[in-house]
Structures are given as structure tokens and as C-alpha cells.
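User: Please take me through this structure, and say on what grounds each label is used.

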Amino acid sequence: MNQHDTVRPIQWTPQGLRLLDQRVLPGEVRYVDCRSAADVAAAIRDMAVRGAPAIGIAAAYGVVLAARQAYAEDPARWRELIEPGLAALAASRPTAVNLFWALARMRDRLATAGADPVAALLDEARAIQEEDLAANLCMGEHGAALLGEPGAVLTHCNTGSLATAGYGTALGVIRSGYEAGKITHVYADETRPWLQGARLTAWELIQDAIPVTLIADAAAPLLMRRGQVRWVIVGADRIAANGDVANKIGTYGLAIAARAHGVKFMVVAPTSTIDWAIETGDEIPIESRLDDELLSMQGQRIAAEGAAAWNPVFDVTPAEYIDVIVTEKGVVQRPRRETLARLRE
Ligand code: MRU
């Protein structure tokens with residue numbers, strides 16, 4: 001950690017999993033303590049923890065809690081008793097593939113665990129968390145190396161320390177680029193309706209002394225037309241084998257606007273975000289959340305009574321609009337099925 005990297009949202013303690021509660025930031029710094037897999041599943045579902053890699057890491061620790069509870073209940077039947085916990089974690093959110101990737105990895109580990117699985121599973125969850133941080137630091141270097149002349153960038157949602165083990169994906173590239181003097185300023189979309197940009201990205205960058213200016217989501221094309229940003233840098237929740245990218249709703253529109261204005265578009269994600277099992281973005285399940293997230297703000301109704309809402313919280317950007325995907329295993333320019341497949345080797 002250094003002065004531009006101070007936030008760590010996920011901590012394992014002897015009692016269980018401690019999460020920085022992202023629902024109440026920036027007004028309050030509060031923690032949620034999870035003692036069971038059901039607690040972790042609820043924290044993911046209700047967005048106390050969010051962001052694809054962070055969801056995966058939290059779920060991995062959720063498996064440790066499930067095993068601990070199952071083993072305490074009946075050491076002879078823990079493999080059977082753990083299953084409802086795993087099912088609750090898998091049902092918590094549908095789009096970020098890191099959740100299912102982490103659960104599959106924990107399942108592999110529990111298949112080979114001895115009579116007492118808790119220590120082995122805890123080692124695996126810690127490894128997932130440590131590897132994510134290492135991947136982010138690596139992607140920060142890879143991405144910053146692509147930036148060229150110093151200039152401002154635009155980002156969407158929150159892809160930083162809060163969304164990962166630490167440092168961040170797109171925000172990691174922004175951290176590295178800022179430290180290297182290649183990024184002079186960060187514009188952040190407020191990211192309606194949940195305001196990940198206004199509440200979380202702005203908070204995180206201010207904690208870490210990186211200058212940030214918020215814009216309404218709809219202001220992004222004007223910002224580009226005026227030549228005020230050279231890159232759009234975003235994260236991903238799931239990348240299909242052909243390079244299509246699911247990310248926070250609004251990303252697709254940003255990619256189209258970027259292409260129309262000659263602004264480069266970079267996606268930054270660890271390879272745990274690539275779903276090799278699906279061919280195109282059309283197969284990615286898109287989460288819809290409650291209408292109320294759109295119709296109300298902080299418990300206060302803002303929309304006209306009687307109005308309905310449509311609230312898909314992710315969209316899919318076709319690969320053809322993406323200039324580069326940055327992963328910890330390397331950089332893929334003009335991503336396509338063939339070029340992306342090199343990351344699998
Ligand atoms: O609904 P959220 O806040 O979990 O959505 C998060 C995003 O869309 C992020 O951009 C994505 O997970 C990448 S985070 C490193």
C-alpha cells in the first residue's frame with residue numbers, strides 16, 4: 001500500500017468475514033460481520049460487498065464459514081451439510097462470473113480436503129484474495145504502459161479497491177497511470193441508479209489523493225466531443241470467449257460514444273472474469289434489480305407515483321467497440337475470439 005492505495009474492503013478475522021459496508025459510504029465507514037455463508041450471501045445480494053472480484057473473494061470466505069458451521073454440527077457429515085451454504089452463495093447475484101469461478105475453485109479444494117476441511121479452505125480463500133491483489137498490481141502496470149501522452153480519463157462504476165482485494169482493475173490502471181504522470185485527471189460517471197461512481201469511486205480516489213471530477217452519466221459524450229478525455233477505462237463482470245464484455249449499465253453507451261469521438265476504450269479485468277464456456281455476450285445473464293433502486297433515492301421516492309421502472313444493472317459491450325482488454329496474463333488489442341484465446345494458453 002502507498003498514499004495512492006489505502007483501502008482494503010475484505011478482512012478475515014478469527015470470528016469470520018468483515019466487510020466494509022458499501023451501502024453507507026461515503027457518509028459512514030461501517031463494517032458488516034458475517035458469521036455464516038448465509039450472512040455472506042445476504043451481503044452480496046444486498047450489495048454490502050460488490051464488484052466482480054470482491055464478490056468472488058467474499059464468496060470464497062463464505063465457503064469457509066459454511067464448512068466451519070457444517071463441521072461443528074457433525075464432523076462425519078460436513079460434505080453434505082455444506083451444500084445449502086454453497087447454494088445460497090451461488091444464488092446471490094447472477095452476472096459476475098468471478099462468483100462462480102471462486103465457488104468452483106473452492107469446490108475443487110474441498111474435494112481433496114481431509115477430515116477437517118476448514119484450514120485447507122481458508123488457505124484457498126486467502127490465496128484467491130492474494131492472487132487478485134497481485135493481478136491488479138500487474139494489470140495496473142500493463143494498462144498504464146498503453147496510455148501514451150499525459151491526459152485525462154473517464155471511468156464508470158467503481159472498479160477500485162472497494163470492488164476487489166485492493167488496488168482495483170480499471171481504477172488500478174488509473175492509480176498506476178496517475179503515479180507515472182500519464183493521467184492528469186479522472187472524470188467519474190456518477191453511475192445511476194446505485195451511484196457507485198458518486199459514492200464509491202469519488203470517495204476512494206479522494207482517500208488516495210487522486211483528483212476526481214464527477215459527471216452525470218449523460219454528460220460523457222459531450223466530454224468526449226470536447227476532447228477532454230483520451231481514454232475510457234472500465235472493468236468487467238463477465239467477458240465472453242469472443243471478447244464481448246458485460247459491465248455496469250451504461251458501459252455500452254460509453255463505448256459507442258468513445259468510438260464516435262476517437263476516444264480509446266480499455267477494459268481491465270483479471271482472467272477470472274473471462275467465461276470461456278460462453279461464446280458471446282448474448283448468453284450472459286443480466287441482473288435486474290428492484291424498481292425501487294430507480295424510483296427512489298435513499299429511501300425517498302423521486303419518481304412520479306404510478307411510474308413503472310426497468311432496471312437492468314449490467315449491459316454488454318460488443319468486442320468490436322473495445323480497443324484493448326488488459327488482464328494479468330497480458331494485453332489483448334482489438335479483442336476477438338482468436339486473440340483472446342491466447343490468454344488461455
Ligand atoms: O453492481 P456492481 O456494483 O457489483 O457492479 C460492479 C461493476 O459493474 C464493475 O464495473 C465490475 O464489477 C468490475 S469491478 C473491478
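**The ligand and its surroundings**

Analyst: Domain 1 (10–135) and domain 2 (140–344) each give at least three residues to the shell around the ligand; such domain bounds come from an automatic or database domain assignment. This is a predicted model, in which local features need pLDDT of at least 70, side-chain atom pairs count only at pLDDT 80 or more, and totals for chains, interfaces and linings use all residues. Residues are numbered from 1 along each chain as its sequence is written, and side-chain values use heavy atoms, with hydrogens and water left out.

User: What makes a residue one of those that surround the ligand, and how many are there?

Analyst: A residue is near a molecule if one of its heavy atoms lies within 4 Å of it. On that basis 18 residues surround the ligand, and the closest are Arg50, Arg93, Asp237, Asn247 and Lys248.

User: How do you know which residues of the shell are nonpolar, polar or charged?

Analyst: Ala, Val, Leu, Ile, Met, Phe, Trp, Tyr, Cys and Pro count as nonpolar, Asp, Glu, Lys and Arg as charged, and the others, Gly among them, as polar. The shell then divides into 7 nonpolar, 7 polar and 4 charged residues.

User: Why is the pair between Asp237 and the ligand called a polar contact?

Analyst: A polar contact is a pair of N or O atoms within 3.5 Å. An N or O atom in the side chain of Asp237 is 2.8 Å from an oxygen atom of the ligand, so the pair qualifies. A polar backbone atom of Ala52 is also 2.8 Å from a ligand oxygen atom, and for a backbone N or O atom of Gly51 the distance to a ligand oxygen is 3.0 Å.

User: How much of the ligand does the protein bury?

Analyst: The protein buries 100% of the 420 Å² that the ligand exposes when taken alone, with areas from the Shrake-Rupley method and a 1.4 Å probe.

**A loop proline**

User: What kind of peptide bond joins Arg192 and Pro193?

Analyst: The bond is cis, with omega about 0 degrees.

Key:
Polar contact = N/O pair within 3.5 Å; in protein donor to acceptor, adjacent residues only side chain to side chain.
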